Amino acid sequence: MNAAFSTLAEIRFGYGLSPMVAAPRSVDAMLARLAGPDVIATRFPIEGFRTRAAQERALGILRKARRTGGASAQTAFRKANRRATRDLIRDFGTSLIRPMLSPDGFRERLLRFWADHFTVAASGKGLRYVTTGYIEDAIRPYMTGNFATLLKSASLHPAMLIYLDQVQSIGPNSRIGKRLHRGLNENLAREMLELHTMGVNGAYTQKDVRQLAKLLTGLYYNFRTGFKYRAAAAEPGVKTVLGHEYGGLRGQLSDIHAFLDDLAMHPDTAQNIAHKLAVHFIADKPDPGMVQAISRAYLESGGALMECYRAMLEHPAAWQGFGSKAKQPFDYMVSTLRALGVEEAAVAKMPTRRLRQVFATPMQIMGQPWLRPGGPNGWPEQLDAWITPQAVAARIEWALMISAMYGKGNDPRDLARVALAELADPRLVAVLGAAESRAEGVALFLSAPEFNRR
Amino acid sequence: MTSSTSATRRDFLIRSGALGGALALGPLSAPMTLAAAPWDARLVVIILRGAMDGLEVVRPEGDPLFAQYRPTLGDRTGSHDLDGYFALNRHLEGLMPLWQKGELAFAHAVATPYRDKRSHFDGQDMLEAGTGTDVGLRAIRDGWLNRMLGHVPGVSVKTAFAVGHEDMKILNGAVPVSSWAPDARLDLTPQGRRLLQALYRGDPVFQAAGQTAIELAALSDQGAPSGQEGSAMAMSAMMRNPARAERAAALAKFAAERLNEETRIAAFSIGGWDTHRTQANAIRRALGELSAAILGLQKTLGSNWKKTVVMAMTEFGRTARENGSRGTDHGTGGVMLMAGGAIRGGRVFGRWPGLRPEQLYQDRDLMPTRDVRAYPAHAMRAMFGLSSSLLEGTIFPGLDMGMDPHILA
């Protein structure tokens, strides 16, 4: 069956149909909303990086004091640590509420897409409490502008500099390098080419990685002093990356910006971004025509992301077929909350302990610990990476719990018609009608392939 | 509905990714007898994700260049001499008794055919696919352990088991295999179970995964309270986020329990090897997990340990020289670990290329002197009676197995 525009718009490009939120009716409406003000973020604020970084710094001081101090130092640290954990979980709750209530679902999906593209995992290196703030500051405001701007904002952000060890990289021939006998760390340079821009099939070599590592020296951040370009740590001399020369005798931040502007407009970058968008939203093996259309829009517009989104949404393949992708666990949970019409207060007023029990931990068992993918390549895309026996069991278990909490008043057959509209198969509706109880029927629907695919 | 219900009662477990296999075997309701395991030998493959630094783990301390290349990481405090030239990293101290008993060995200076781009993710794909550079990475559809299973008789879905939450591409492919994580569970009424099977019937991926989930849930924590509140409690127990070594031990224990039953091949992964900075500390946790996993296998396997070969391998090694932040960057040649009562241990296999600049790969990485695939190839020939032509032509296409290193006792 051919789905209506608004059905696919919500399921494929948003967080699913809801009895409480009107679905968009056209591509223009989707893009106009995205181009407009970020209403939901204003309504449900999340702390930015600066506040969280200050918190992390204070926590670091208390952690140190705890080692030498007495019982009061212990208590002070534990209290601050508990507070930070509470804030983290509260921000996680807000991250659920925004897409749960927003009529601008495409923006929320793009947020997760770009946060994954520019992964900073919230584990280790002091990043646990600051990653949400990084996404809020470095990704969210820049998703509708130019890719080069987003690239600079994300890949040079302090959180990224820490995550990919750039803060450890020092030009061996720089003043600091010679004094401390320190040198390069290639991590950010490699991932910048492989993951952030050109893709692993891009036309770059180990030599480019090495030269870029030299170019990136000087970027520095720590929680105490903040961001600083340290010319004294920058490798002196001209660097040749991808056939172009950057920098001179004394390194400066503008050399790095100039390189990133060029890198953003490399055809391999256009191709990689286009392919990733199509894979994320449409199919694990996307229509090559669509990838080409997005890539062309990218290059012709000078990397204007809105033009890329338009090219994707206006391509016929965007509105054909259904269900070749699996909803990732976060998306699965949010689309459940939307389908059940769960109200803001149910999540906003939930104690943090319950937020963990009901959402964070099950999400982890489904294979997606919140903001903690295994590496800088982020979460996998293929359906069979998510639909494993252990993950399916976790989805069914969670569906049972959530239907007991929120599903009591719902007839599972109505739920199917709300959540899938005309895509609700009569056979599915019939099976749901045979459940022993409404709660079980709701859980069955939430476990059904049709609701787990998009 | 009746037919799919009866199917659950049989031991018919299919991994979600194995759609082709499910179809090849016919409808789920087809009668199927569970063959006895084809062999008695056990093979465990551990994928070490993130590029383990072979030079850090099995350290060529006999060469003064090692300390020169690694001004801080070269510190030999606490490492354990293995053979007068190599020393074992101090965080693997717990494995020394195995070394002394001849149940631990290494193959040094090994690598997959992957070269130069040094991407973790492509490197891991190639390691698990077992292919050479002649096959495009994007063209790889299955893993080498799965291809192997396609060429031996008497294989059931329980013969091979992928353990944990990580996608194990090494076992993906046409032959149905099992997969489960020790912390997963499922608690459905019989009616709910029947309906679920009805819902999944038209969807092979969900059907395969769901069927396995229903079967395997019984293997997980039986003591947990049941019912919906019970589910929440079981999940909240998971929040405690056990120490990583405990998690690795739990994976190993679960794998060993399956291996004590019908399973003969198990695979899981251990991450945390991407030690770009302060490696001496950063590698401690990962080595702790590896050590806990191997000791956990040994403990739970009991008398089956003597029939077992464990192979732990990584996508590539790291730079010979320490980088600017007391870590190492992505390299080429590395080390593979072997353990088990069935191996001829207590030695470091492989031809050592040397550490002089001109002996390194691109004056940067340890030079690989042997294809890492040669070791599992020789092991599987000895354990499962596979022919060299099958191993070199199909399981590891393009591999030259070369001289038999005789890694089995």
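**View 1. A salt bridge within one helix of chain B.** In this predicted model, E257(B) is partly exposed, with a relative accessible area of 26%. Its partner here is K253(B), and the two side chains meet in a salt bridge at 3.0 Å, N to O. K253(B) is partly exposed too, with a relative accessible area of 43%. Both residues sit in helix α11 (residues 244-260) of chain B, four residues apart, so look about one turn of the helix along to get from one to the other.

**View 2. A salt-bridge network with members from chains A and B.** Here the salt bridges share partners, and that joins six residues into one network. From chain A you get E186(A), R190(A) and R210(A); from chain B, R118(B), R364(B) and D365(B). For the wider picture, a search of the whole structure turns up 48 salt bridges over all chains.

**View 3. A buried salt bridge, D38(A) to R107(A).** The closest N and O atoms of this pair are 3.7 Å apart. D38(A) sits in the loop between α2 (27-35) and α3 (39-43) of chain A, while R107(A) belongs to helix α6 (residues 105-117) of chain A, so the contact ties together parts that are 69 residues apart in sequence. Buried or exposed, these two? D38(A) is buried, and R107(A) is as well.

**View 4. A long reach in sequence, R43(A) to E344(A).** The side chains of R43(A) and E344(A) form a salt bridge, 3.3 Å from N to O. R43(A) lies in helix α3 of chain A and E344(A) in helix α18 (residues 344-348) of chain A, so this pair links parts that are 301 residues apart in sequence. E344(A) is partly exposed, with a relative accessible area of 30%.

**View 5. A positive patch on the surface of chain A.** Five residues make up this patch: R57(A), K64(A), R67(A), R224(A) and K228(A). Which helix gives the largest share? That's helix α4 (residues 49-68) of chain A, with three residues. K228(A) comes from strand β2 (residues 226-229) of chain A, and K228(A) is partly exposed at 42% relative accessible area.

**View 6. Strand β9 of chain B and its two neighbours.** Strand β9 (residues 308-314) of chain B is mostly covered, with seven of its seven residues buried. In a regular strand, side chains alternate between the two faces of the sheet. You can follow that here: T308(B), V310(B), A312(B) and T314(B) point one way, and V309(B), M311(B) and M313(B) point the other. Strand β1 (residues 42-48) of chain B runs parallel to β9(B), joined by seven bridges, and I46(B) has A312(B) as its bridge partner. Strand β10 (residues 334-339) of chain B pairs with β9(B) in the antiparallel sense over three bridges. In that pairing, A312(B) stands opposite L337(B).

**View 7. A three-stranded open sheet in chain B.** The strand order is β2-β4-β3, and the pairing is antiparallel. β2 (58-59) and β3 (80-81) of chain B are the edge strands, each pairing on one side only. Two bridges connect β2(B) with strand β4 (residues 87-88) of chain B, and V58(B) faces L88(B) across that pairing.

**View 8. L400(A) and A443(A), side by side in space.** The two C-alpha atoms are 5.0 Å apart, although the residues are 43 positions apart in sequence. L400(A) sits in helix α21 (residues 389-406) of chain A. At 8% relative accessibility, L400(A) counts as buried.

Terms used: Residues are numbered from 1 along each chain as its sequence is written. Chains are lettered from A and ligands numbered from 1 in the order in which they are written. This is a predicted model: local features need pLDDT of at least 70, side-chain atom pairs count only at pLDDT 80 or more; totals for chains, interfaces and linings use all residues. Side-chain values use heavy atoms; hydrogens and water are left out. Patches are made of residues with over 30% relative accessible area and no salt bridge: like charges are joined within 9 Å, nonpolar side chains (Val, Leu, Ile, Met, Phe, Trp, Tyr) within 5 Å. Accessible areas come from the Shrake-Rupley method with a 1.4 Å probe; for residues, only the protein chains shown count as cover. A salt bridge is a side-chain nitrogen of Lys or Arg within 4 Å of a carboxyl oxygen of Asp or Glu. Lys and Arg count as positive and Asp and Glu as negative; His and the chain ends are not counted. The place of a charge is taken as NZ of Lys, CZ of Arg, CG of Asp or CD of Glu. Buried means under 20% relative accessible area, exposed over 50%, partly exposed in between (1.4 Å probe, protein chains only). Two strands pair if DSSP finds at least two bridges between them.
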